[in-house]
Amino acid sequence: MNLPKHNVFSALERAAAFTATAGVGGLVVIDGQLPSAFSTLFFVPIIFVAYRYPLSVALVVAGLASFFSSPAMALFGVRVDDSVLPVLWTGWPAVYLFLAVSLNQWSSIQEQRSQLDFTEQHLLEVRARNDKREQELETLSAIHTTIISGSDETAVVEEITRRVAEVCGAKACMIMVPVGTTGLRPFLPVGFTDEVFARFFPNGAPYGEGVDGWAILHKRVAASQNVFRDPRYERLKDFAAVVGFASAAAAPVELDQETFGALVVCYADEREFTPEELTRLERLAGQTELAIRSVRQRESLARFAFDTALALTEAIESRDPYTGDHCRRLAEHAALTAARLALPPRDIEIVRLGAALHDMGKIVVPDSILKKADKLTPEEYAVVKQHCYSGGQICKRVGFLMNAYPIVYHHHERWDGKGYPDGLSGERVPQGARIVAVVDAFDAMTTDRPYRKAMRFDEAEAILRDGAGGQWDPTIVTVFLDTVTVRGDPHPEDGHHADGHRLDLPHQLQGSGEHR
């Protein structure tokens, strides 16, 4: 049997990826020790298959890499360093799994984005022939820009309904979504408020009524020239009279697998819809469907990446008995501070991810230093300071984490330029890193250490304000303290956060040993 050339080539590529993984495993055996300098080479076949092949293939390669990096290699005569056993069992497998899953999902997002770009390009070709299509293109472009900017689903839907109402010249526009299995309700309507709808239908409009219900049931576009003479509007006529529309059209929108809603436009006057208008509404519904799916998948990927990053950093932190939700708290407070600084949604997510990953480089710090209660020697402190560089290098190797690199690498810089690793000062320090530096210091001061108890909130606040303009960005200090005050975070003396973060404490706290 003759196989298509592309199938043969694909099989050869997969075989090459598995062979490369096994080859790196052979190098580890030859090297004769774990950790091995060759372990990072496993990234190459994992990244290759994650971008090009189904998740199952990437997971198999990641599993092989995990095996070759695990203490199980002792069966092949490889010497295993007992001091890093937790890292070998959990650290490398978590990194390989994170690479395989996140890059595979990222590739899927890129494919959907390419589809959106292709549709936009197609509309560009039609622009010269139809003024209405030109307006339609502007609408799609605005929706696309909203998606790319990192806006959430609410912002994207608001942009869709507003733009569709404009391009169609409609009095009202909405996306009708199911309420359970018996009703429908409008989501972020334009032309009326949710309160008006709720007065008529507190539990949702009857499922199947109106052009939206008909479009959802029959999975095709529907129109009503006059809703007051249309039997499909038996219970919706009073609502139509209050809102002030006499005609309507709807096209189905697949919100999730097998879950349909409808994009609806309503007009004040009786209207006979032309085939061109209904075709345009179908196109807009298709773009709405793609936009909502893209946003939901991106948000799902962002949540997965964040949760995976937290799992990885918490696995690393678990080496220290004084750890406990440090990265999770840091990510939450950093994101809130970024929001109060009016950063764009995409930048807020980057700050959140960077805060979660900021101490990932601690994987290279030996337990003997990380858990030391006494003052560190200069040589030991030099090892601790390497965690910024190591964490940054991990981010640089993973395209999906590249945006978090400036935060992970620079989060120990100071406003006055006396920090590390590069001694940057002022606004030359990336804003996300400046945010994490403030939140990190606050969390370090208000949590228990093996060499001291947590400070009270007012004491930590005084130190932050005293260091504003020296160690920390004064604007961020003010905004952060306003944020934790508004949220009503408890004073630590009532039950401290138990955290083992031991890095960059202010000079006032350095009496019990070199800070880590």
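# Exercises on a predicted model

The protein has 18 helices and 8 strands in its secondary structure. The model is predicted. Of its 516 residues, 52% count as buried. Among contacts with a separation of 6 or more, 65% join residues 24 or more positions apart.

## Exercise 1. Helix 11 and helix 12

Task: Find how the axes of helix 11 and helix 12 are oriented to each other, and list the residues that make the contact.

Solution.

Step 1. Helix 11 covers residues 326–340 and helix 12 covers residues 345–357. Their axes come within 8 Å and cross at roughly 155°.

Step 2. Angles over 145 degrees count as roughly antiparallel. Helix 11 and helix 12 are therefore roughly antiparallel to each other. Their crossing is right-handed.

Step 3. From helix 11, the contact takes in Cys 327, Leu 330, Ala 331, Ala 334, Ala 335, Ala 338 and Ala 339. From helix 12 come Ile 348, Val 351, Arg 352, Ala 355 and Ala 356.

Step 4. By class, these residues are 11 nonpolar, no polar and 1 charged.

## Exercise 2. Helix 11 and helix 16

Task: Do the same kind of analysis for helix 11 and helix 16, giving the crossing angle, the orientation and the residue classes.

Solution.

Step 1. The axes of helix 11 and helix 16 come within 9 Å, and the crossing angle is roughly 135°.

Step 2. An angle of 65 to 115 degrees would count as roughly perpendicular, and one over 145 as roughly antiparallel. The angle here falls in neither range, so helix 11 and helix 16 are oblique to each other. Helix 11 passes helix 16 in a right-handed crossing.

Step 3. Helix 11 contributes His 326, Arg 329, Leu 330, His 333, Ala 334, Thr 337 and Ala 338. Helix 16 contributes Ile 435, Val 436, Val 439, Asp 440 and Asp 443.

Step 4. The contact of helix 11 with helix 16 has 6 nonpolar, 3 polar and 3 charged residues.

## Exercise 3. Helix 8 and the residue after it

Task: Name the buried residues of helix 8 and the strands they pack against, then describe Lys 219.

Solution.

Step 1. Helix 8 consists of residues 210–218, and its buried residues are Gly 210, Val 211, Asp 212, Gly 213, Ala 215 and Ile 216.

Step 2. These buried residues pack against strand 3 (172–179), strand 4 (183–190), strand 6 (222–224), strand 7 (247–256) and strand 8 (259–267).

Step 3. Lys 219 comes just after helix 8, in the loop between helix 8 and strand 6. Its phi is near 60°, a positive value in a residue other than glycine.

Step 4. Lys 219 has a relative accessible area of 45%, so it is partly exposed.

## Exercise 4. Backbone geometry in two loops

Task: Describe the backbone geometry at Ala 342 and at the peptide bond from Tyr 420 to Pro 421.

Solution.

Step 1. Most residues other than glycine have a negative phi, and most peptide bonds are trans.

Step 2. Ala 342 lies in the loop between helix 11 and helix 12. Its phi is positive, near 65°. Ala 342 is exposed, with a relative accessible area of 64%.

Step 3. The peptide bond from Tyr 420 to Pro 421 is cis, and its omega is near 15°. Pro 421 belongs to the loop between helix 15 (405–410) and helix 16.

## Exercise 5. Three single residues

Task: Decide whether Thr 446, Leu 255 and Phe 76 are buried or partly exposed, and name what each one reaches or touches.

Solution.

Step 1. Thr 446 sits in the loop between helix 16 (431–445) and helix 17 (457–467). Its relative accessibility is 1%, so Thr 446 counts as buried. Its side chain reaches the backbone oxygen of Phe 442 at 2.8 Å.

Step 2. Leu 255 is part of strand 7 and, at 7% relative accessibility, counts as buried. Beyond neighbours within four places in sequence, Leu 255 is in contact with Val 177, Pro 178, Phe 260, Gly 261, Ile 292 and Arg 296. Leu 255 and Val 177 are 78 residues apart along the chain, with their C-alpha atoms separated by 8.4 Å.

Step 3. Phe 76 is in the loop between helix 3 (55–68) and strand 2 (79–80). At 48% relative accessibility, Phe 76 counts as partly exposed. Not counting residues up to four places away in sequence, Phe 76 touches Val 29 and Phe 67. Phe 76 and Val 29 are 47 residues apart in sequence, and 7.0 Å apart from C-alpha to C-alpha.

How values were computed. Residues are numbered from 1 along each chain as its sequence is written. This is a predicted model: local features need pLDDT of at least 70, side-chain atom pairs count only at pLDDT 80 or more; totals for chains, interfaces and linings use all residues. Side-chain values use heavy atoms; hydrogens and water are left out. Helices (H or I, at least four residues) and strands (E, at least two) are DSSP runs, numbered from the N terminus. Buried means under 20% relative accessible area, exposed over 50%, partly exposed in between (1.4 Å probe, protein chains only). A polar contact is a pair of N or O atoms within 3.5 Å; within protein, one must be able to donate a hydrogen and the other to accept it, and residues adjacent in sequence count only if both atoms are side-chain atoms. Contact means heavy atoms within 4.5 Å. Axes are lines fitted to C-alpha atoms, for helices over the stretch in contact, and angles run from 0 to 180 degrees between N-to-C directions. Angles under 35 degrees count as roughly parallel, over 145 as roughly antiparallel, 65 to 115 as roughly perpendicular and the rest as oblique. A crossing is left-handed if the near helix is turned anticlockwise from the far one by less than a right angle, and right-handed if clockwise. Ala, Val, Leu, Ile, Met, Phe, Trp, Tyr, Cys and Pro count as nonpolar, Asp, Glu, Lys and Arg as charged, and the others, Gly among them, as polar.
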